[in-house]
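Student: I am new to this structure. Please take me closely through one part of it, the aromatic rings and how they pair.

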Amino acid sequence: MEAFFRTHAYLVEHTNAPVHRLLMDEINWSERMIGIKGTRGVGKTTFLLQYAKEHFDIRDRRCLYVNMNNFYFQGRGIADFAGEFYKNGGKVLLIDQVFKEPNWSQELRMCYDKYPELKIVFTGSSVMRLKEENPELNGIVHSHNLRGFSFREYINLMAGTNFKPYTLEEILSDHERIVRKILPEVSPYKYFQEYLHHGFYPFFLEHRNFSENLLKTMNMMTEVDILFIKQIELKYLTKIKKLFYLLAVEGPKAPNISQLANDIETSRATVMNYIKYLADARLINIIYPIGQEFPKKPTKVMMHNSNLMYAIYPIKVVDQDVMETFFVNSLWKDHKVNQSNKDCYYIVDERQKFRICDANHTGKIRMNSETIYARYNTEVGKDNQIPLWLFGFLY
């Protein structure tokens with residue numbers, strides 16, 4: 001146990017969270033069992049350590065961070081370890097990568113039942129279905145998603161500002177006033193292209209080649225988050241990777257399932273399952289018409305965020321595709337996005353129609369008062385024409 005406390009103290013002391021994540025304020029920290037899901041690379045470990053740093057002194061033994069990567073847990077279960085921690089006055093156990101423990105959900109349930117004064121906060125992959133696949137956690141776990149940096153968080157970090165997030169309703173009704181508050185402090189377009197290229201994943205702050213780091217992360221998403229958690233045999237890994245590459249190269253469009261099945265030499269049903277796994281891993285976003293969902297064929301598949309587009313196939317990055325990907329990714333946290341029956345059009349929350357368009361070409365567009373025009377290549381908007389970058393302030 002002493003070794004774990006030493007590691008905890010070192011990690012907390014050397015943790016530096018450059019941006020206060022909005023999720024930190026959204027979680028009810030009084031709950032006894034809290035799950036933090038998120039794709040690889042978005043900062044889940046830093047998030048746990050930052051919580052410890054903000055709420056406990058570094059020498060306070062009531063809080064302990066452990067990582068299930070530690071080989072110690074190959075011979076000892078979570079519940080047994082938590083019991084010893086609890087017996088010695090422990091109150092908050094922070095468990096990173098909980099899925100590395102084979103019977104993690106049963107172990108967590110045992111902790112919940114046996115140690116009523118113990119709070120557990122754990123992290124896991126976005127691929128995990130905490131309640132659907134682990135009925136023993138139903139009713140006791142409060143699940144949250146940690147996302148990559150929003151454009152707002154990126155600007156706050158790079159420009160030293162402290163802009164707050166806005167709801168979609170606030171942006172739609174009051175975007176001109178909001179923009180007037182932001183522009184005197186910073187020029188968003190100075191940072192927008194940087195964010196689209198490398199601002200979503202916090203590890204861009206590390207002194208390593210970002211694209212190489214992201215490619216490594218993407219491989220880990222398929223090799224660990226999909227294969228390991230979904231219990232898929234290793235021999236199918238090349239098919240999943242090839243499918244992901246083909247979807248990336250095609251750009252945001254309706255996938256040809258039969259052709260993809262032929263290309264990776266498998267069935268149409270398997271292709272659809274793989275597409276769902278890639279979406280669960282936050283590598284792609286699947287867009288459906290209103291009223292349809294998996295296992296129906298999607299009307300559009302796109303990369304989960306624009307950083308992935310530049311990493312996987314940079315020679316075929318099209319501005320319109322990047323901007324649509326940014327829009328869908330920004331709305332994805334709290335809103336439902338469906339495909340309209342026209343290109344460049346989306347329907348949000350099954351009621352509001354949006355069109356993503358270039359401000360330099362809007363003179364050629366016949367404007368419709370019932371449509372919101374999210375325009376790029378501009379910093380300002382008017383009436384139902386809103387600068388696209390402002391949707392990056394939703395979280």
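Tutor: Start with a term: a residue is buried when its relative accessible area is under 20%, exposed when over 50%, and partly exposed in between. Keep in mind that this is a predicted model.

Now the rings. Across the whole structure, a search finds 32 aromatic pairs. Take one of them, Phe151 with Phe192. Their centres are 5.1 Å apart. Their planes make 65 degrees, and the pair is edge-to-face. Where do Phe151 and Phe192 lie? Phe151 belongs to helix 6, residues 151-159. Phe192 belongs to helix 8, residues 188-198. The two parts are 41 residues apart in sequence, so this pair ties them together. Are these rings buried or exposed? Phe151 has 1% relative accessibility, so it counts as buried. Phe192 also has 1%, and it too counts as buried.

Next, look at Phe327 and Phe391. Their ring centres are 5.5 Å apart. Their planes stand at 75 degrees, so this pair is edge-to-face. The cut-off behind that word is an angle over 60 degrees. Phe327 sits in helix 14, residues 319-331. Phe391 sits in the segment after strand 12, which covers 385-387. Here the pair ties together parts that are 64 residues apart in sequence. How much relative accessible area does Phe391 have? The value is 0%, under the 20% limit, so Phe391 is buried. Phe327 is buried as well, with a relative accessible area of 0%.

Now go back to Phe151 and Phe192, and widen the view. Both belong to a cluster linked by ring pairs. Its other members are Phe149, Tyr154, Phe163, Tyr189, Tyr195, Phe204, Phe326, Trp389 and Phe393. Find Phe151 first in the model, then pick out the rest of the cluster.

Rings also meet charges here. Which ring does the charged end of Arg61 sit over? It is the ring of Phe5, with the charged end 4.4 Å from the ring centre. Lys276 offers another case. Lys276 lies over the face of Phe294, at 5.9 Å from the ring centre. The cut-off for that distance is 6 Å, and the charge must also be within 35 degrees of the ring normal.

To recap, Phe151 and Phe192 tie helix 6 to helix 8. Phe327 and Phe391 tie helix 14 to the segment after strand 12.

Technical notes:
Residues numbered from 1 in each chain as written. Predicted model: local features only at pLDDT ≥ 70, side-chain atom pairs only at ≥ 80, totals over all residues. Heavy atoms only, no water. Phe/Tyr/Trp six-rings, centres within 6.5 Å; stacked < 30°, edge-to-face > 60°. Helix = DSSP H or I, 4+ residues; strand = E, 2+ residues; numbered from the N terminus. Buried < 20%, exposed > 50% of the residue type's maximum accessible area, 1.4 Å probe, protein only.
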